[in-house]
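User: I'd like to go through this one label by label and hear the reasoning behind each. Can we do that?

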Amino acid sequence: MDASSASGPKTSLLKQYYPYIFTLNHYLNVLIPSKQHDLAVDDDPETYRTLLATSFVATHTPIKDIPKFPYFLPQCSQSELMDRAHGELFKRGKTPKKRPANVLLFGYRVAETWDEDGKLQPGRLAISNYAINSMVTTLTGHDWSLLLQRIGEGPMLHLLVHTSIFLHLQHGSFCQATGKPIYDTEPIPTSAKRFLSEDLNINEKSGKNRGISKQGSIETAVGFHSASTIKIDHLKIFYGRPEYQAGQRGVFFGLPHKHVLNRLGEQGMVVQRPEVDESTAQVEYLAKHIFPRQFGLSNVFVSKAQSRTPYGHRDLEIKTRLPGEIPRRLQPVLPLIQNLIYRHHKTNYFFILERTCLSKVQRPEVAAVDVLEFLSKTAQTPDDQLPIGRSSSLVEPQQEQERKSGTKLAEYGCTHGEVSRFALRVTVEVIPSAFWGTEENFQHIFRRIVEFIECRRYENSTLHGLLQGLQLSKFDWTFLPRTNSNAGRPLSDTMKGRELVEEFLYWYFDSFLIPLLRVRVMSSPACFSQLGQDDLLRHRVLYIS
């Protein structure tokens, strides 16, 4: 199977992040031309054959640039090769102690003290294992040890270090085993400019075709999604991990480091016009993230040329465009955005979290490592990745016992009411009240926030649902000042105001609330989704502060 044939619903998500996707069997045939017909024999276990046929290798390297390896009989075990892979991955970090983003390095770090146990790697680099990494356990099992004997050390090390492997699970799901985590991988950018010029043959410079401005507005050329079809993706809050302060062991509290509100002060981040100061340039830069539709940037409202790039990661798109004037319609909202930036830097997120979501892990009788142990125990191990010499029948009693103990995780979770109070408190502190128009509008949005937090794993909200019940005419910042206060507003003015409210609400939920919940409160559906006997807790989201 070649890369083009690896298609369908199973790889549709992967194709948004990786340009080249192969089955493991096909990728190894390209990697080792001399072993194309020797990867599997008749006596091999069925689990090994399934591994070759159903696992996917995702990469950014074209097939013609994939290195070729000769076959040599391996002189080490799979566990020893995994240690070498850890050493290679740590060497690729910016500093020796900086852990690169890779699934294989979860639970591993460079030993920092003289009494910390660690395996000594080539180059005098000692690596310590402080938490369970189920992917390392899987990749050192029987099937992968057999694969090492078939392909040799060089190709196996290449797979572990230079590719992203996705293992097939039940019900058509996949689990990432190697590579940079997919949630940290930026989607493949969809060039709206190329789409307009190639597919629609629009002359962007003249701007005469369908009213296209020189700035290159997308929605005037193609249709756009209505609010009823735009979802607030609840799955984005899952599988987040804490971020740590630079040079310290403490957890960083607040929005993620890479969030646009935290990066506004970085040197060279904001491209400003010569006639404006740095403060005004930061306000304009944030406005392009909140209201990309008004600047002709890619946004969720565009149909065919819709970009999946999150609002917090559109720096490259902004920098490639020449700085332009702020649309006149956004002038009333600029003071509110400036106030938002000020309030964000003054907000003590740690203080709010401690007052609203007191950590249950910090009780005297509870250790943080207990939570990690429970999480690893409740993760279901695929049948084709069981350790060598053990069948599924032998581990059923142990898995049943682990599932029963997994219910103890509920003791560590914050209630939905506590999480809602945390979101409410942060919203009040950071978002200026004028953004909501009236107190009734704010109370309506807060009810939608509570509903979003209480959603189960596969439940979503739509932008249309958020707008239902809002008094759009009360959002004063969406309208330009009128000379005649007694005159009614034209329909076009009202529709433009609704458009601005839609963009702001989507930014608030997608790029403010979700990152806040994802980083500050560990939310994972896996804690309860494995408890098949307990329908009450199935797919419920557990928040652990």
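Analyst: Sure, here is a run through the labels, each with the value behind it. Keep in mind that this is a predicted model.

User: Give me the overall picture to start. How many helices and strands does the chain have, and what share of the residues counts as buried?

Analyst: The chain has 20 helices and 11 strands. Of its 545 residues, 47% count as buried. The accessible surface comes to about 27600 Å², and 52% of that belongs to carbon and sulfur atoms. As for contacts between residues at least 6 apart in sequence, 72% join residues at least 24 apart.

User: What makes R425 and E429 a salt bridge?

Analyst: The cut-off is 4 Å between a side-chain nitrogen of Lys or Arg and a carboxyl oxygen of Asp or Glu. R425 and E429 come in at 3.0 Å, N to O, so the pair passes. The structure holds 12 salt bridges.

User: Why can those two side chains meet, given where R425 and E429 sit in helix α16?

Analyst: They are 4 residues apart in α16 (residues 416-430), which is about one helical turn. An α-helix has 3.6 residues a turn, so residues three or four places apart point the same way.

User: And are R425 and E429 buried or exposed?

Analyst: Neither label fits. Buried needs under 20% and exposed needs over 50%, with partly exposed in between. R425 has a relative accessible area of 35% and E429 has 34%, so both land in the middle class, partly exposed.

User: Which salt bridges do E499 and E502 make?

Analyst: E499 pairs with K496 at 3.1 Å, N to O. E502 pairs with R498, and the closest N and O atoms there are 3.1 Å apart. Both values are within 4 Å, so both pairs qualify. E499 and K496 are 3 residues apart in helix α19 (residues 491-520), about one helical turn. E502 and R498 lie in α19 too, 4 residues apart, again about one turn of the helix.

User: What makes R293, K496, R498, E499 and E502 one network?

Analyst: Shared partners do: salt bridges with partners in common join R293, K496, R498, E499 and E502.

User: How do you know which of the α19 residues E499, K496, E502 and R498 are buried?

Analyst: Set each one against the 20% limit:
- E499 is at 13%, so buried.
- E502 is at 8%, so buried.
- K496 is at 26%, so partly exposed.
- R498 is at 26%, so partly exposed.

User: Now strand β2. What makes you say that both faces are covered?

Analyst: In β2 (residues 56-59), F56 and A58 are on one side and V57 and T59 on the other, and all are buried.

User: And why are β1 and β6 called its partners?

Analyst: Pairing takes at least two bridges between the strands. Strand β1 (residues 20-23) is joined to β2 by 4 bridges and runs antiparallel to it, with I21 opposite A58. Strand β6 (residues 164-168) pairs with β2 over 3 bridges, also in the antiparallel sense, and there V57 stands opposite I165. Bridge counts of 4 and 3 both meet the requirement, so both count as pairs.

User: On to helix α13. How do you know that its buried residues are on the same side?

Analyst: The buried residues of α13 (residues 349-356) are Y349, I352, L353 and T356. They cover an arc of only 100 degrees around the axis, so they sit on the same side of the helix.

User: What makes N348 a cap for α13?

Analyst: A side-chain oxygen of N348 lies 3.3 Å from the backbone nitrogen of F350, at the N-terminal end of α13. That is within the 3.5 Å limit for a polar contact.

User: Last one: why is N133 called buried, and what does its side chain reach?

Analyst: N133 has a relative accessible area of 8%, and buried means under 20%, so the label holds. N133 is in the loop between β5 (125-129) and α5 (134-139). Its side chain reaches the backbone oxygen of V103 at 3.0 Å, and a polar atom of the N133 side chain lies 2.8 Å from the backbone oxygen of F106. Leaving out residues up to four places away in sequence, N133 touches V103, L104, L105, F106 and Y108.

Note on methods:
Residues are numbered from 1 along each chain as its sequence is written. This is a predicted model: local features need pLDDT of at least 70, side-chain atom pairs count only at pLDDT 80 or more; totals for chains, interfaces and linings use all residues. Side-chain values use heavy atoms; hydrogens and water are left out. Buried means under 20% relative accessible area, exposed over 50%, partly exposed in between (1.4 Å probe, protein chains only). Contact means heavy atoms within 4.5 Å. Accessible areas come from the Shrake-Rupley method with a 1.4 Å probe; for residues, only the protein chains shown count as cover. The arc is that of the directions from the helix axis to the C-beta atoms. A polar contact is a pair of N or O atoms within 3.5 Å; within protein, one must be able to donate a hydrogen and the other to accept it, and residues adjacent in sequence count only if both atoms are side-chain atoms.
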